[in-house]
Amino acid sequence: MKKFLAVLIALFLSVAVQAQVYGPLNPDRETTNTIRVNGVSTILAFGDTVWVSPSLNRNINNNAEWFTPENADSVVNGIGRVYSLELGQDTVLAGLGYTNTEAEGSPQTAFGYYFSVDGGDSWRFEPPVLDPDPPSKCFSDDPDFERPSSSGDYDPDCDIQFTYGGITYNRIRFIVPEQAPPYEVDFKNNVVYSANFGGGLIRSRDFGDTWERVILPPDNVSEMTPEDDYSWSSNIILANGDVAQINRYDPRSDFGLNLRVFGVYIDSQNRVWVGTGSGVNVSENALTAPTDSIRWSHITFDGSTNGLIGNWVIELKEEPGTGKVWMTNRIIESGVEDQGLVYTDDGGQTFTQMLIGERINDIGFKDGYVFATGENGLFISPNGGDTWIKSPQIKSPNTFIKSTAVYYSATSTTNRIWISTSDGLTSHECCSANQVFDNWEITRVNFPLKGGNIHDEGRDVSTYAYPNPFSPTVHELVRIKFEVENQGNVNIRVFDFGMNLVREIENGSFPPGTYEAVWDGVDGKGRKVANGAYIYVIETAGARKNGKILVVD
């Protein structure tokens, strides 16, 4: 009997937690100038200014109003989306990409770059960095055409030659933007670095006017210097189906994990750090040296307790005032490597490991605190990474971040820490000694009941539900926005299309204001509802509102 009662209590608590009303929403935040989507993968701050993806929204001093550029058409009205950001005083560099649904496999695709030197008032667009068109014998729009390097008749004229240390090598020609979006960018003065996955590592020494490709060590090389010669294994498919290997620099080859670039960072000592699918590369002279004489140290996973946790390095950042370079580690070889977070304070000779087993996306810093955003939540360290606390579900007095949300990025302004998630942005005043993070502010896409926002046309309704259609498995919950005009009792119920009661969400007294009710697609007995159309009815003092939710799981 005790076990049965415990099950009933647990079921009741589960239902109660997932069916409730939040609000009233802050009327000062009911603005048409808002962020574009709730899923914000990239966020970066400089001073009191925050910029966010996917469409270059800007906020200053935690204002309710978010700025959207009027002349950045590629992201405001076009298909381009912000994949990476780097900021300076009045300077914004955005790496752009998009999902190419017209190509096989819908690959992530390079779209170019936006540069602004006046805080975002005007923008200069630069297209993706591609090599000159190859000779006609090497490339054709004909789908049945086989370029020589894939048919077995390898022709070096179809590649591009480069020189390193006085020796001439071949590299594959980059003629399409697929698989080459700028996942990370960084700059120092006029020198810009861009990490472009299958497009490799590229550099500009005139702030994006011209670009050059930067060569990284082969996978099995720990030190690359212009005094030695090297072999980068690539492969070609012969006419009989066999695979032959040649010495060619090819980031898209199965043998070039260290050439597949995910992250790049320029630290306070002017060292360039590059994260790849085969560890991390660091150079003392990559800011200034010609491409044929850049020296690299290549550090890989070796299984030691003071080395990398895994070989896949994506995000790199330096902790202010400490000289520590932090980086996320992920798994390339399953069963051998692990994932987590490390930092080095000696240029990569040794690493301090932490959060082993957690898939971390980004690192942020503020006043001695370290914030690690991950697939499994937000982790906070008050002492530079010595100890960690996993944040409970983030809530504010009038809304919340979903419990299943992925935490993407972290950054800090003068007196706040900012976190981006798959379910909105959140920020907190920070940081004092023994800081308690219990009063978060949450920013989500705002669409008032009356009127619209800058990203969509207006509407004039008494209530609406979103997302709609709603998948309990994918979305976790659906939010129902409504207004209470007069103090009094509010009753919210969900019915099936035959008007049979499915769930009572709320029955209580509320003051005037705008609210959001949430429903997780479960009926009053804790069972998932079937796919179909459902009617929600909101009865307030003197008013009755209703709407439809389409459940598709």
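User: In this predicted model, how many residues lie between strand 11 and strand 12 in their hairpin?
Analyst: Strand 11 and strand 12 form a hairpin, and N189 in its turn has a positive phi of about 55°. Strand 11 covers residues 184-188 and runs antiparallel to strand 12, with five bridges joining the pair. The number of residues between the two strands is two.

User: Which residue of strand 12 stands opposite E184?
Analyst: Strands of a sheet pair through backbone hydrogen bonds, either parallel or antiparallel. For strand 11 and strand 12 the sense is antiparallel. The residue of strand 12 that stands opposite E184 is A195.

User: Which residue in the turn between strand 12 and strand 13 has a positive phi?
Analyst: Strand 12 also pairs with strand 13 (residues 201-204), in the antiparallel sense and over four bridges. Across this pairing, S194 stands opposite I202. The two strands form a hairpin with five residues between them, and the turn residue with a positive phi, of about 45°, is F197.

User: Which residues of strand 12 point the other way from V191, Y193 and A195?
Analyst: In a regular strand the side chains alternate between the two faces of the sheet. Strand 12 spans residues 191-195, and five of its five residues are buried. V191, Y193 and A195 point one way, and the residues that point the other way are V192 and S194.

User: Which strands each supply at least two residues of the largest nonpolar core?
Analyst: In soluble globular proteins, nonpolar side chains tend to be buried together. The largest nonpolar core here has 26 residues, and Y193, L201, L216, W232, V272, V274 and W296 touch the most other members. The strands that each supply at least two residues of this core are strand 9, strand 12, strand 18 and strand 19.

User: Beyond its neighbours within four places in sequence, which residues is L216 in contact with?
Analyst: L216 belongs to the largest nonpolar core and is one of the residues that touch the most other members. With the neighbours within four places in sequence left aside, its contacts are L201, M224, W232, Y249, N258, L259, V261, V274, T276, N281 and W296.

User: Which strands are the edge strands of the open sheet with the order 22-23-24-25?
Analyst: This open sheet has four strands with antiparallel pairing. An edge strand here pairs on one side only, and the two edge strands are strand 22 (312-318) and strand 25 (352-354).

User: Which residue in strand 25 stands opposite L341?
Analyst: Strand 24 (residues 340-344) and strand 25 run antiparallel and are joined by three bridges. Opposite L341, the residue in strand 25 is M354.

User: How far apart are the sulfur atoms of C430 and C431?
Analyst: The structure holds one disulfide. Its partners, C430 and C431, are both buried. A disulfide is assigned when the sulfur atoms are within 2.5 Å, and for C430 and C431 the separation is 1.1 Å.

User: Why does S462 count as partly exposed?
Analyst: S462 is found in the loop between strand 33 and strand 34. Partly exposed lies between the limits of 20% and 50%. S462 therefore counts as partly exposed, its relative accessibility being 36%.

User: Over which residues does pLDDT stay under 50?
Analyst: The protein chain averages a pLDDT of 89, and 89% of the residues score at least 70. Where pLDDT is low, the predicted coordinates should not be read in detail. The stretch under 50, for which the model has 10 contacts beyond four places in sequence, is residues 1-18.

Technical notes:
Residues are numbered from 1 along each chain as its sequence is written. This is a predicted model: local features need pLDDT of at least 70, side-chain atom pairs count only at pLDDT 80 or more; totals for chains, interfaces and linings use all residues. Side-chain values use heavy atoms; hydrogens and water are left out. Buried means under 20% relative accessible area, exposed over 50%, partly exposed in between (1.4 Å probe, protein chains only). Two strands pair if DSSP finds at least two bridges between them. pLDDT is the predictor's confidence in each residue, from 0 to 100. Contact means heavy atoms within 4.5 Å. A nonpolar core is a set of buried Ala, Val, Leu, Ile, Met, Phe, Trp, Tyr and Cys residues joined through side-chain atoms within 4.5 Å.
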